[in-house]
Structures are given as C-alpha cells and as structure tokens.
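Q: I'd like a close look at one small part of this model, and then a walk outward from there. Keep it informal, but give me the cut-offs as you go.

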Amino acid sequence: MDAIRAERITKKFGDFVALNNVEFRMKKGEILGLLGPNGAGKTTLVKILNGIMKPTSGRVSVLGCDPLERKMRHRIGYMPQETALYLDNTVHENIMFFGELYGLSKDKILKREKELLAFTNLEKWRNVIVANLSGGMRHRLSLACALVHEPELLFLDEPTVGVDPELRTAFWEYFYRMQKDGVSILLTTHYMEEAAKCTMLALMRSGKIIAQGTPADLMAKTSATTLEDVFLKIGKVMER
Amino acid sequence: MRASHVIAFTKRTLHQFRHDRRTLAFIIVVPLLMILIFGYTFSGEVRHVNVVVVCEDTGLNTTLFPYFPDKNFNLSRSILEQIDTEVLAVTYYSELSTAERAVEEGNAWAVIYFNQNFTNEFAGGISGKNTSANIKLILDGSNPTITAAIMKEIGEAAGRALESAKMKSQSPVSITQDYIYGSADTRFIDYFAPGVMSFAVMMVTTMLTIILFVNERRNGTLHRVLATPAHPVEVVLGYAIAFGIICICQSIVILAAGILIFGIKVVGNLFLAFLVFFLIGTGHQGLGILLSAGAKNELQAIQFIPFIIFPSVLLAGLFWPVESIPAILQPLAYFIPLRYGIDAERGIMVRGWGLEHVWMQICVLAIFAVATIAGSSMLLNKKE
C-alpha cells in the first residue's frame, strides 16, 4: 500500500519550473529522505503533498486521499522549514493551539503535551514565551507541534537543521519508534549521514527526481562507497 | 465550520496580547493621548481670542422713552461688562475702519460693533415698536472653532446682560442660540472623544492585523495552520472575534478614563456604542488581512499607514464635519467605512440616539465587516 503516490507533477511559478514531471511513490511505514541541493524543489514537493500548494498539473494521492481535502488533514503532520511557531505565545499555548486545530480534546492534548515535552526536553520551558527560546529549542517545539495529534504520515522539512548532535540522535530514535508504530515519515535533508539512516532515498535536482532506492541500492548501482559519492556521480551523469 | 477551530484562533490571539503588555498599553495610551492633545488644542474652549470692540451706542434716549425704568440704561455697556475676558481679550477702538484693519492685518479675530442706536432699538423693541437691536460681528472666519467661540461668548454675554437687567423674557437682540443636542457646556472634547475612540479602534485593528498576518506568512505559521483541518474562514473569524473583544475592552478602558480624567459626558446607550466598536474592529480586521497580502515584511506593512490614516482623519469627519470638506472630495467620504462608525458613535454618545437613528450606519458597517471577512477568507483559501 502506498502512503504517497505522485503522478507527473509539474509546478510552475510564472516561467520558472520548480517541479518538472515528477513521478514519486512512497510505501507505508518507510522513512524516506528527500535529498538535493538548494532550489531542487524539495520544499515545493512537500507543500504540494500536504495540500498547501496546488500542482500546475499532475495527480497526487496521499494516504489514498486528495491532500487538498481538509477532512484527511488530521492524518498528516507537517513540520515546515521555518520554525512556524507563534513567537508571542508560550510553549504550552502553541501546543494547545495546534492540538485544538486537529480536533483533540483538552485532556488528550495535555497528555500528549507531557509526552512530547519530555521527549523534546522542553518540560522546564512550558510557560516560557517562544520568542525567548533558543533556535534549537524552537526547532524541538516545532517538531512537538507536528506530532501532537499522532499523525499516520509525517512531513518534516529539514527537521534537524540547527539541532545539536546529541538531540539529533534522540530525534532519530524517536523517528524509528514511530516507524515501528506504523508511521510513515518523509523528510528533507542536506546531511548525508542523515540520509544513510533513511530506509529509502529520493534524489532531486532541478525539479526532477533523478534516482530513488534504498541507500544500499543506490551505492551498489553507482559503485560508490559513500552517499556523497552517489550524489556527485548521479549529478554528473545528469549533466552529460 | 467548527466553532472549536474558531475559538482556538481567538484564544491564541488573546493570549498573545496578554503576553505583550507593551502593545496593550499602546492601544490604550495612544487614544487617550489623542483625546488629551487634540481635544484641548482643537477644543471649542479657545482662550484669549483677540477681538476689537467699536461701540457707538449712545445709550437710552430718555426723550424717546420717558417711561423706561432705568434712565441710565446702556445695553451695549452691560453686554461688554459681561464678556468673559478669559475667552475674549477685548481692545476698544473708536473708528470702525481702523478696527476692520486690525482684523485685516491679523491682529484680531473679529470686530464687535454696536451702532449708535443699539440701546434705543432694543428699548423700542420691548416697548412695542418694530425695531430690534443688532450686534454686528465682522469676522476673520478662517478658523471655525474660533468663530464659534466668539459667537458663543457674545451670545452668552448678551443673555447675561439681559438677565441682570431683568429683561430676558422679551429680549429682541438678534443673537440667539438654540441647542437641540448638547447644551451650552458641551465641549469639543465631548464631541471629539467618540470620534477618537472609533479612529483608535480602526487604527489598532488595521495595523495590528497587517503586522500579525505579515508575520504569519513570514514565520510559516500560516502555511502550517492551512495544513491542518482548519478552514480559512475559521482562521479569519477567530481573529475577527479576538479583535472584536480587544476593541470592546479598549473602548471600555478609554471611555472610563475619558469620563474620569476629562469628564466626558456620555448620554446614549453604551451597549449600542460597543456594538458599533465591535463592527468597526471586525471590518477593519478583515481589511488588514486583505492589505497584508500586499506587504512582504513589516517595513512594507508600515507603508500602508499613511494610506489608511489620512483618508480617515481628513475625510471621515474626525475633526470637522463631512459637510465642511470640499465638495469634490465629499463623494470619497462615502467610501470610508470609519465615517459611518464616527457618525454612529457621535449620534449614540453625544446625542443619545438609538437604533432608529443609526441603523443605516450599523448596516453599512456590518456589510463592510461581512465583505472583508469573506474577502480575506477567499484570499487565504486561494492556493499557490
């Protein structure tokens, strides 16, 4: 069963083609890493998959539904690249707010809040205004807000940028735990060592997906020893 | 549409302002400062207005009126004695032409002229002859507030003079003043305060919404919110209710302070007054969201201020009535929603009008609110 199926997606902003005929599939229960240089179209693809943007042409199916349908949104979690928090509200108020938008009861939100603040190490900061938190703390809170409603499918746009190595490891442990519970995760990243942790990779360049497969597959195919090599080799093939 | 989503937005926005004490102080203090500064500098209680008096009145001619009780009666002198010198600084001239020159040269605002038969004409009037005494004012009318102050002071002085001569009942002096609304002690500040409060509600909601939404877009919270099950209408309504509540609280505090500090008189139905403030707030909140689409950052948002402030200050009747703006610009005033708000609030708070007088203004404001809320919901619903 596919969590995501994208068929021939093209997205244009005026004359600029951000996505060019993208074909893309992701199975349920995978952690899929979307890799690519800046401007490759990763964020645009994520925005189309979670229904914030409309493709210029092509068809998208997410968990068997059209992501533009609001009714299916509670099954999806989204952590944008920007911190995307209300800076003048407290940590608690941000979590309450997003919990309420996903239709959770107050008790349920408070229960989830406890778990999430423990995992993100933010318990002490619950009643602090977000503007007073450090960048890393905001990032952790942003992740907590994306997880409050226990989504089946998670979109994480560069979830570990600015997160210290210790916490990054903790994030990944949590991702694997969610994966075990059947959650599918799509994340974008620049870090190759992070890409190695994904169960599946999709490489993007200039609005196209140029390769997809498990990290091991891709290395074998290109007879490269590191993912970095894979990326460079495939890139060179493209240029020719 | 789900009420819980709407309430979530309202609650979050109110929490935000609860944390932001400085903005809270701003929305209360600025209007009060405006009432204080504008209310007193523009107020009808102008002081020490230079006027010139030319009095040729020769007093009562006893051969014409042998039965007049007071043989030494001189009405112009008693009027002049009654003038409040705090309000009018009087200089006496003997020649009308030199007095007129003083006004021409900007040294005085008015000539107050009593002709030589002033008292006799008055005496004739009350003795059954068909004459009436006339005080002639030659005015520099460039400042209507001062003109009004002069008119008022002369009228009152004449009234007091007649009263002290016990001739009030038949007074044929041709300065009369009637009050339909307000009273002799209605001050400009009483008239001005409802206008400033409406203006403050409009400014605060428009500006704060533009800035909030510019931030919503820039911080990515708007994208995040639109990726949840919440519908854009719920976003806009949630904000509108939050701002409506903020506007009502703001108005309550300003009104209370205005009454306590400046002794503003309010005669009308406060519930109706707050309903109008709520509508001004929600309508301009929607307008703010629409405008925010045209600004990429806070700096660009601030550039909207002159476009919002000037038309409202100049054309909505805040300082002077819409009737007194140039005829070419008057049609524009119909398109400024604040105008209807100010009209309604003045009617309610100064004149004590009820729904039967202000329903039209309330309808216009309600239509404006519905239109901007619908428009901004559509704007947010539009996907790239």
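Which side chain meets the side chain of A:Glu93 in a salt bridge, and what are the N to O details?

A: That would be B:Arg18, with N to O at 3.1 Å. Here, a salt bridge is a side-chain nitrogen of Lys or Arg within 4 Å of a carboxyl oxygen of Asp or Glu. Before going further, some ground rules: this is a predicted model, where local features need pLDDT of at least 70 and side-chain atom pairs count only at pLDDT 80 or more, while totals for chains, interfaces and linings use all residues. Residues are numbered from 1 along each chain as its sequence is written, chains are lettered from A and ligands numbered from 1 in the order in which they are written, and side-chain values use heavy atoms, leaving out hydrogens and water.

Now back to that pair. It crosses between chains, running from helix H1 of chain B, where B:Arg18 sits, to helix H2 of chain A, home of A:Glu93. Helices (H or I, at least four residues) and strands (E, at least two) are DSSP runs, numbered from the N terminus. The two ends are covered to different degrees: A:Glu93 is buried at 8% relative accessibility, whereas B:Arg18 is partly exposed at 42%. For those labels, buried means under 20% relative accessible area, exposed means over 50%, and partly exposed is in between, using a 1.4 Å probe and protein chains only.

A:Glu93 has plenty of buried company. Helix H2 of chain A covers residues 91-101, and 11 of its 11 residues are buried; among them are A:His92, A:Asn94, A:Phe97, A:Phe98 and A:Leu101. What lies over them comes from both chains: the cover includes helices H3 (106-119) and H4 (135-147) of chain A, along with H1 (3-19) and H8 (221-226) of chain B. After H2 of chain A comes A:Gly103, with a positive phi near 75 degrees.

Zooming out to the interface, two salt bridges are found across it by the rule. There are also 18 residue pairs in polar contact between chain A and chain B, both residues at pLDDT 80 or more. A polar contact is a pair of N or O atoms within 3.5 Å; within protein, one must be able to donate a hydrogen and the other to accept it, and residues adjacent in sequence count only if both atoms are side-chain atoms. On the side of chain A that touches chain B, strand E1 (2-13), strand E5 (76-79), H2 and H4 each supply at least two residues. H2 of chain A gives the largest share of that side, five residues.

As for the whole contact (heavy atoms within 4.5 Å), 35 residues of chain A and 29 residues of chain B take part. The two chains bury about 2900 Å² between them, with 56% of it on carbon and sulfur atoms. A:Arg70, A:Tyr86 and A:Leu101 account for 25% of the area that chain A buries against chain B, more than any other three residues. Buried area here is the accessible area (1.4 Å probe) that two parts lose on being put together, summed over both.

What about salt bridges elsewhere? Over all chains the count is 14. In chain A, A:Arg126 pairs with A:Glu113, their closest N and O atoms being 3.2 Å apart. A:Arg126 is in the loop between H3 and H4 of chain A and A:Glu113 is in H3, so this pair ties together parts that are 13 residues apart in sequence. Again one end is covered and one less so: A:Glu113 is buried at 3%, and A:Arg126 is partly exposed at 28%.

There's also a network of salt bridges linking A:Lys108, A:Lys111, A:Arg112, A:Glu115 and A:Glu150. A:Glu150 belongs to the loop between H4 and strand E6 (153-157) of chain A; it is partly exposed at 45% and has a positive phi of about 50 degrees although it is not a glycine.

Over in chain B, the side chains of B:Glu153 and B:Arg160 meet at 3.2 Å, N to O, in another salt bridge. B:Glu153 is buried at 5%, while B:Arg160 counts as partly exposed at 31%.
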